[in-house]
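Me: Can you walk me through how to read this structure, one question at a time?

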Amino acid sequence: MKYAFFPGCVSQGGAPELYPAARMVCDRLGIELEEIPGWTCTGAGVIQEKNQLFGDTLNARNFAKAERMGLPILTICSTCQGVMSQANHRMRNPEYLAEINSYLAEEGLEYSGNSEPKHLLWILIEDYGLDQLAPHITRQLTELKVAPFYGCYIVRPTEALDIAEHPERQQSLEMLIDALGATIIDFEGKTRCCGFPILTINERNSMAMVGKHTSEVKDLGADAMVTPCPLCHLNLDGFQPKAASQARRSIDLPILHMPQLIGLAMGMSPTELGLKKHIVSTGPLEVKVGGRR
Amino acid sequence: MDVTIRVKRQDPEATGERRLPHWQEYPVSIADNATVLDALIQIREDDDGTLALRCSCRSAICGSCAMRINGHAALACKTIANTVVQNGVITIEPAGVMPVIKDLVVNFDLFWEKIKQVDPYLKHIGQVPESEYVVSNEAMLHLSGVTACIMCGACVSDCTVLEVDPTFLGPAALAKAYRFTADPRDGDNQGVSTERLWALSEPSGIWDCTRCNECVQVCPKGVAPMDRIMAMREQAIQAGYANNNGARHTDAFTESVGHSGRLDELRLPIKSVGMMNLPALMGYMPVALRALRRGKMPPIAHKNVENVEAVRRLFQKMEPEPAPPQVSTNSPFG
């Protein structure tokens with residue numbers, strides 16, 4: 001299995017522990033990743049609110065490059081997934097696609113409109129097969145109670161994400177947690193917003209969202225929350241102390257990147273998975289899974 | 001079809017346990033093509049006359065029966081029951097955000113207050129035309145996408161911002177505002193609703209939306225409130241109302257990617273809150289220091305992507321010239 005790898009900015013920026021963890025896990029699973037040369041940001045929905053054409057053209061450029069590699073696209077970011085899917089959805093309009101291709105022509109690129117970028121989460125379920133994970137699982141996670149947190153862009157809007165064709169995508173994270181042998185802590189907020197997009201605009205509201213979700217699952221007895229979205233991770237982990245002080249309570253809920261949870265189940269050490277780089281200590285969780293002696 | 005309707009009930013005026021939210025299950029036998037509303041009416045008529053719900057037209061026009069079905073807002077009359085059964089159960093809750101009056105009936109005061117706040121009527125500034133306003137078919141067709149709103153409150157129910165902050169104008173009122181900012185008759189003689197866009201750029205307005213897409217997903221009429229909010233952000237920036245964190249964030253983000261191909265995460269928050277905004281910048285210090293201690297700061301030197309010139313050329317071709325900044329001294333809405 002080989003993919004054109006689209007890591008996204010945050011996996012090498014604000015959440016630098018994600019990139020190596022994802023690479024290591026994919027490598028051990030036999031999923032070969034070849035990074036798209038000179039890939040650009042998807043626009044994260046931010047560029048699109050000001051200049052949709054520019055944002056969509058950037059995505060078409062990445063897709064065209066992957067097509068040239070002859071490989072399907074794999075991403076490790078919910079936000080990138082959503083923005084790529086939405087851009088792709090709009091480019092189903094042949095006139096719009098032609099307009100975008102006219103801009104790409106200068107660089108000698110052309111996008112066919114046929115790419116289907118997929119998050120590693122979907123790939124594990126749809127291409128790899130969750131049952132194929134079993135032989136790689138060496139660490140018992142039964143005692144570990146994990147709450148899913150999707151990130152808005154990988155669940156909505158359903159039309160752009162082809163949910164009608166792939167209804168299992170709406171339960172994908174729970175399916176993965178279950179396949180890894182951990183215990184699912186279900187909660188209503190799992191598909192809600194983490195607050196990251198308004199962090200610099202209305203920090204109070206952003207912190208209220210972090211506080212609400214993390215304290216809710218903490219009170220349900222979760223040991224950790226797992227997310228396929230590094231932007232959610234930035235807010236839920238990096239800003240959790242601030243959210244806790246705004247909520248006037250302690251929370252201390254470790255937030256795991258999805259590949260880190262997979263890696264833990266595969267017996268990798270917390271250190272090599274970058275858990276030491278988290279703001280909220282993962283110590284108690286490490287003790288629980290026996291990763292810390 | 002036999003199905004269990006699990007309803008979250010509450011009667012704030014009652015005494016005892018019924019006062020608090022609690023679940024009640026109703027096993028019903030309904031036709032295969034019955035709607036969720038059909039099932040609820042059947043329960044009320046045949047099994048339990050105390051179950052309170054609002055409904056009227058039964059054909060997705062009146063907007064009375066928005067409620068949460070399996071956790072997400074929807075019109076009960078537009079939802080075919082057999083499409084939402086999960087393991088023999090359909091879970092029904094009152095709409096969110098708005099306070100419960102009884103069972104599935106919520107108080108809409110907050111909803112209407114927000115609609116009133118955006119002055120939901122045409123406001124022309126300047127010279128009034130001698131005869132009637134002439135508006136193109138195209139402009140009205142575009143507006144029909146927003147005027148399709150039936151004020152059911154589904155978007156307000158599931159708005160992730162209103163859930164934590166009742167001061168936010170919210171998706172319904174903001175979609176209503178767009179109905180005017182995009183109307184060529186509103187605003188100045190060029191159809192630019194400068195006063196509205198100024199007011200909407202204030203806190204609790206267009207920039208407070210998280211872009212979570214919940215409202216787009218749950219709207220039964222395809223109004224896509226969030227997309228309208230994004231369009232108003234563009235309108236506001238174009239009209240020169242860019243002196244706020246939201247507009248600065250969008251500008252800085254676009255510029256960073258337009259110049260280097262990727263996001264400069266270290267400089268983005270600084271540019272968003274403003275270089276001179278020392279209190280806000282100081283507020284980030286503890287977070288930055290914690291990140292630094294853990295070795296997870298974004299790289300100080302931001303690198304360009306391979307063949308960055310191609311990206312810059314795209315950016316130069318597509319990015320419109322910024323409008324001159326607008327200075328407004330007092331609010332047109334008092």
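**Where the chains meet**

Me: How many residues does each of chain A and chain B bring to the contact?
Reply: This is a predicted model, so take every value as computed from it. Counting who takes part on each side, chain A gives 62 residues, and chain B gives 62 residues.

Me: Which three residues of chain A supply more of the area buried against chain B than any other three?
Reply: Chain A and chain B bury about 5400 Å² between them, with 55% of it on carbon and sulfur atoms. On chain A's part, 15% comes from a top trio: Glu49(A), Lys50(A) and Arg192(A).

Me: What is the distance between the closest N and O atoms in the salt bridge of Lys50(A) with Asp251(B)?
Reply: Between chain A and chain B there are eight salt bridges. One of them pairs Lys50(A) with Asp251(B). Their closest N and O atoms are 2.8 Å apart.

**Two helices**

Me: Why does the end-to-end distance of helix H3 (residues 52-69) of chain A agree with what it should span?
Reply: H3(A) is mostly covered, with 14 of its 18 residues buried. At 1.5 Å a residue, those 18 residues should span 26 Å. The end C-alpha atoms fit that, because they are 26 Å apart.

Me: Is Arg312(B) buried, partly exposed or exposed?
Reply: Arg312(B) sits in helix H12 (residues 308-318) of chain B. Beyond its neighbours within four places in sequence, Arg312(B) is in contact with Gly258(B), His259(B) and Asn304(B). Its relative accessibility is 29%, so Arg312(B) counts as partly exposed.

Conventions:
Residues are numbered from 1 along each chain as its sequence is written. Chains are lettered from A and ligands numbered from 1 in the order in which they are written. This is a predicted model: local features need pLDDT of at least 70, side-chain atom pairs count only at pLDDT 80 or more; totals for chains, interfaces and linings use all residues. Side-chain values use heavy atoms; hydrogens and water are left out. Helices (H or I, at least four residues) and strands (E, at least two) are DSSP runs, numbered from the N terminus. The expected span of a helix is 1.5 Å times one less than its number of residues. Buried means under 20% relative accessible area, exposed over 50%, partly exposed in between (1.4 Å probe, protein chains only). Contact means heavy atoms within 4.5 Å. Buried area is the accessible area (1.4 Å probe) that two parts lose on being put together, summed over both. A salt bridge is a side-chain nitrogen of Lys or Arg within 4 Å of a carboxyl oxygen of Asp or Glu.
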